[in-house]
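Hi,

Here is the model I said I would pass on. Have a look at it first, and my notes follow below.

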Amino acid sequence: MAAVLCSCGKDHRYRGGAALDDRPWLYGKKIFIDPGHGGRSSSDLFRVSRNGQAEGEINLRVAMFLSDMLKRSGAYVSLSRKGDSDTPLDERLRIAEAFSPDLLVSIHHNGSQHSCDGVNYPSILFWGSVKTSPASYDLARLLKSEFERLTGRSAVIASDMIFFSETGTRMLSKTSGICPGIIGEAGFFSDEKHSIELSDKVYLEREAEAYYEAISLYLKRGIPSAELHFSCGIETRGIMPNLLSDCRPSMVIRFYSGNDDRCIDPSSLRISLDGVPVSFKKILSDVYQVDYGKELYPGIHRLRFVFRNTRSQSSMVSQAHFSVPAKKGDRACLIGRGRAGLHHSPRNSLLMLLSAYSLGGTDPGDERLVGDIAKGFLMIGDKNSADFYRNKLRLYYTTNKRENFSAVELSERLIVDFHGKKIQCFASSVPSENKGRKSSKIAKNPAVTTGIFGIFKTIFNRH
Ligand SMILES: [Zn+2]
């Protein structure tokens with residue numbers, strides 16, 4: 001067998017026992033592997049194990065074995081670095097974006113301050129929350145099982161907002177709109193006993209196998225995707241994104257399971273317009289029409305949806321932004337109608353108020369409007385969104401002293417909703433409602449489609 005060498009001179013040809021050539025679901029898939037650190041960071045004392053191995057080198061060796069395995073299964077692999085080099089994060093992100101992968105794994109190893117404290121367990125990080133990154137969370141859960149099989153230790157899945165409470169890690173947050181991604185840390189290189197294992201090529205091959213098996217199972221379940229279609233012309237004018245030529249267009253979503261089953265799980269489908277849940281009806285197999293009401297109101301809108309295929313693999317959270325032209329007086333009219341109807345028709349009235357808000361932006365006179373929107377969300381039973389707008393009132397409209405806001409205490413920071421991202425951390429156990437779910441993908445570029453959607457135009461911005 002030919003040697004697989006990297007610039008460190010070591011052979012990284014995988015010689016373990018995993019079957020690599022009978023997994024057609026890996027064929028042609030694009031996997032981005034990011035071996036963490038390298039270069040100058042290898043001399044950081046806190047990234048060097050007791051027996052002198054740098055974390056960056058261990059990460060690279062596992063990444064190279066994994067790359068070899070995936071390539072031999074027919075996958076396309078891109079690595080953020082292939083040697084012991086300093087590769088800035090921006091450069092890694094640039095390579096990932098240019099590659100446009102189906103999924104991303106960033107390989108790291110954990111370290112604690114004291115080499116003799118016996119701390120050693122596997123952990124997996126994903127961006128944001130289960131709500132914002134359901135597909136990455138699915139991948140994390142598969143890797144968790146593999147890490148536990150590898151190490152015999154209970155593994156932890158955590159939001160990367162544990163470390164960067166507002167944004168998460170740049171590697172995962174910046175790629176969250178491209179593909180599902182995780183950061184894996186199979187163990188602590190700082191642990192004396194484990195550092196001996198990490199210097200063993202066979203152990204590193206087994207660690208690469210853990211990633212390989214998780215990726216393989218994930219891709220076998222399929223990456224769900226979807227296309228959103230409008231039955232009207234779309235153009236971009238000024239700051240108005242994807243301006244619709246009609247305020248009553250048919251809005252249709254075509255779903256793809258990502259595997260041979262050809263089906264999505266209809267009970268998993270959730271669609272919202274501007275944060276307000278909307279209904280939908282099936283018009284063909286895996287094709288659904290969005291029921292947004294009588295019309296789309298003037299302003300900027302966001303359609304958001306998420307679903308799972310029949311193998312419980314979750315899609316990424318998909319968002320499309322579009323606008324309906326507004327004329328003078330529309331905003332005041334929407335506020336008046338929305339406010340008047342809030343009690344007998346809260347959902348539709350809330351959509352009017354949100355449309356008005358999108359037209360006003362940061363208008364300092366919006367204080368009452370923001371309060372009404374919070375009230376509207378409470379009326380439709382969405383306390384999280386209500387709190388978001390109430391906190392906005394508290395933070396940006398400080399003249400309002402009447403409301404008794406549920407102020408966010410600093411101690412609650414890790415569980416607060418931040419721009420709709422509910423931050424959660426799961427240690428070893430998985431909430432029962434999430435059991436058995438899996439991954440995603442959506443049409444990447446605005447496009448005009450043909451076939452049954454011949455008259456429809458498509459827009460898409462994946463979040
Ligand atoms: Zn690291």
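Let me start with Arg 23, which is buried at a relative accessible area of 12% (buried means under 20%, exposed over 50%, partly exposed in between, with a 1.4 Å probe and protein chains only). Before the rest, a word on the source: this is a predicted model, where local features need pLDDT of at least 70 and side-chain atom pairs count only at pLDDT 80 or more, while totals for chains, interfaces and linings use all residues. Residues are numbered from 1 along each chain as its sequence is written, and side-chain values use heavy atoms, with hydrogens and water left out.

Salt bridges

What does Arg 23 pair with? Its side chain meets that of Glu 213 in a salt bridge, 2.9 Å from N to O (the cut-off is a side-chain nitrogen of Lys or Arg within 4 Å of a carboxyl oxygen of Asp or Glu). That contact links distant parts of the chain, 190 residues apart: Arg 23 sits in the segment before strand 1 (30-35), and Glu 213 in helix 6 (residues 201-221). Helices and strands here are DSSP runs numbered from the N terminus (H or I with at least four residues, E with at least two). While Arg 23 is buried, Glu 213 is partly exposed, at 24%.

The structure holds 14 salt bridges, so have a look at two others as well. Asp 372 and Arg 339 meet at 2.5 Å, N to O. Because Asp 372 belongs to helix 9 (residues 367-379) and Arg 339 to helix 7 (residues 330-341), this pair ties together parts that are 33 residues apart in sequence. Asp 372 is buried at 5% relative accessibility, and Arg 339 is partly exposed at 26%. There is also a network here: salt bridges link Arg 339, Asp 372 and Lys 375.

Then there is Asp 330 with Lys 327, whose side chains meet at 3.4 Å, N to O. The two ends of that bridge sit in opposite settings: Asp 330 is buried, with a relative accessible area of 12%, whereas Lys 327 is exposed at 62%.

The zinc site

Which residues hold the zinc ion? The protein donors are His 37 through NE2, Glu 55 through OE (listed twice) and His 108 through ND1, at 2.1 to 2.8 Å from the ion. Donors are N, O and S atoms within 2.8 Å of the metal (3.2 Å for Na, K and Ca), and water is not among the atoms, so sites may look incomplete. Along the sequence the donor residues follow the spacing H-x17-E-x52-H. Glu 55 lies in helix 1 (residues 55-72) and His 108 in strand 3 (residues 103-110), so these two tie together parts that are 53 residues apart in sequence. Both are covered: Glu 55 is buried at 3% relative accessibility, and His 108 is buried at 15%.

The angles among the four donor atoms run from 50 to 144 degrees, and the site comes out as irregular. For reference, four donors count as tetrahedral if all angles lie between 85 and 135 degrees; four count as square planar and six as octahedral if opposite donors are over 155 degrees apart and all others between 65 and 115; anything else is irregular.

Strands

Strand 15 is mostly covered, with eight of its 11 residues buried. One of its residues is Phe 305, as strand 15 spans 299-309; Phe 305 is buried at 1% relative accessibility. Its C-alpha lies 6.4 Å from that of Ser 272, although Phe 305 and Ser 272 are 33 residues apart in sequence.

Which strands does strand 15 pair with? It runs antiparallel to strand 11 (residues 264-273) over six bridges (strands pair if DSSP finds at least two bridges between them). Within that pairing, Asp 265 has Arg 308 as its bridge partner in strand 15. Strand 15 is also joined to strand 16 (residues 318-324) by seven bridges, again antiparallel, and here His 301 is partnered by Phe 322.

Elsewhere, strand 10 (residues 251-256) runs antiparallel to strand 7 (residues 225-230), with six bridges between them. Met 251 in strand 10 stands opposite Phe 230. Strand 10 also pairs with strand 14 (residues 287-291) in the antiparallel sense, over three bridges, and there Ile 253 faces Tyr 288 in strand 14.

Cheers
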